[in-house]
Amino acid sequence: MDLELTYTLGDLDAASALLVRVAQDRVERGEELWPPRSLTPERLERHYPRPGWRVAWHGGEAVGAYVLLDADPLFWPDDPPGEAAYLHKLGVHPGWQGRGLSHTLLEHAAAEARALGRSFLRLDTAAERPRLRALYAAAGFREVDVVQAGSWRVARFERRLTGETLA
């Protein structure tokens with residue numbers, strides 16, 4: 001995607017507003033992804049520290065967001081420290097969906113993780129979401145397994161960053 005994007009770090013309020021919009025759109029389509037009430041800045045910050053948030057902007061409009069974590073003990077409890085970065089809450093504004101922005105955000109996250117010296121970028125998604133699973137596979141992620149993590153049954157994915165060549 002040839003789109004001029006800028007990124008802000010730690011902008012939890014903008015990330016929350018964007019994710020609420022994404023969640024509301026999914027509810028309207030009958031495809032609830034996240035309950036909108038779970039996406040307030042206060043609730044998000046309980047699990048995802050403010051410094052980990054990234055918001056992608058096109059002009060003055062927030063078009064995408066995600067959070068990058070150093071550890072993910074709920075979904076990846078056996079991982080050695082420093083081996084991977086963990087991506088959560090990837091969202092693309094409904095008006096920008098279908099333009100390849102998810103792949104652009106995933107590439108940005110991979111570049112950040114690589115710059116941190118991480119060997120992998122890891123993420124998870126609900127096991128019953130075949131479209132999201134296909135999206136991650138198309139973006140170069142390998143499905144590792146399907147596990148029960150707390151009350152969630154998730155498909156875990158990873159992308160090896162070491163030895164990758166930049167496109």
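**Figure 1. A polar contact of 2.7 Å links the side chains of Arg-142 and Glu-158.** In this predicted model, the close-up is centred on Arg-142, a residue of strand S6, which covers residues 142-149. Besides Glu-158, the residues that Arg-142 touches, when those up to four places away in sequence are left out of the count, are Arg-156 and Phe-157. Arg-142 has a relative accessible area of 47% and is therefore classed as partly exposed, a class that lies between the limits of 20% and 50%. Arg-160 is also shown, since its C-alpha atom lies 8.6 Å from that of Arg-142, although the two residues are separated by 18 positions in sequence.

**Figure 2. Strands S4 and S5 run parallel and are joined by 4 bridges.** Within this pair of strands, Tyr-86 stands opposite Arg-122, which belongs to S5. Of the 7 residues of S5, 6 are buried, so this strand is largely enclosed by the rest of the structure.

**Figure 3. Lys-89 of strand S4 has a positive phi value.** The phi angle of Lys-89 is near 55 degrees, and the positive sign is found here in a residue other than glycine. Lys-89 counts as buried because its relative accessibility of 17% falls under the limit of 20%. Lys-89 also belongs to the lining of the largest pocket, where it is among the residues that lie nearest the centre, and this links the present view to the one that follows.

**Figure 4. The largest pocket, with a volume of about 1,400 Å³, is lined by 47 residues.** Those nearest its centre are Leu-33, Trp-34, Lys-89, Thr-125 and Leu-132. By residue class, the lining of this pocket divides into 24 nonpolar, 11 polar and 12 charged residues.

**Figure 5. Helices and strands both contribute to the lining of the largest pocket.** At least two lining residues come from each of the helices H1 (12-28), H2 (41-47), H3 (101-115) and H4 (130-138), and the strands S4 (84-92), S5 (120-126) and S7 (152-160) likewise each supply at least two. The largest share, amounting to 6 residues, is provided by S4, the strand in which Lys-89 lies. S5, which contributes to this lining as well, is the strand that runs parallel to S4 in the pairing of Figure 2.

Definitions and conventions:
Residues numbered from 1 in each chain as written. Predicted model: local features only at pLDDT ≥ 70, side-chain atom pairs only at ≥ 80, totals over all residues. Heavy atoms only, no water. 1 Å grid on protein atoms, 1.4 Å probe; cavity = no way out; pocket = protein on both sides within 12 Å on 5 of 7 lines; lining within 4 Å. Points joined across faces, edges and corners; volume = space filled by probe spheres on them. Nonpolar A, V, L, I, M, F, W, Y, C, P; charged D, E, K, R; others polar. Buried < 20%, exposed > 50% of the residue type's maximum accessible area, 1.4 Å probe, protein only. Contact = heavy atoms within 4.5 Å. Polar contact = N/O pair within 3.5 Å; in protein donor to acceptor, adjacent residues only side chain to side chain. Pairing = 2+ DSSP bridges.
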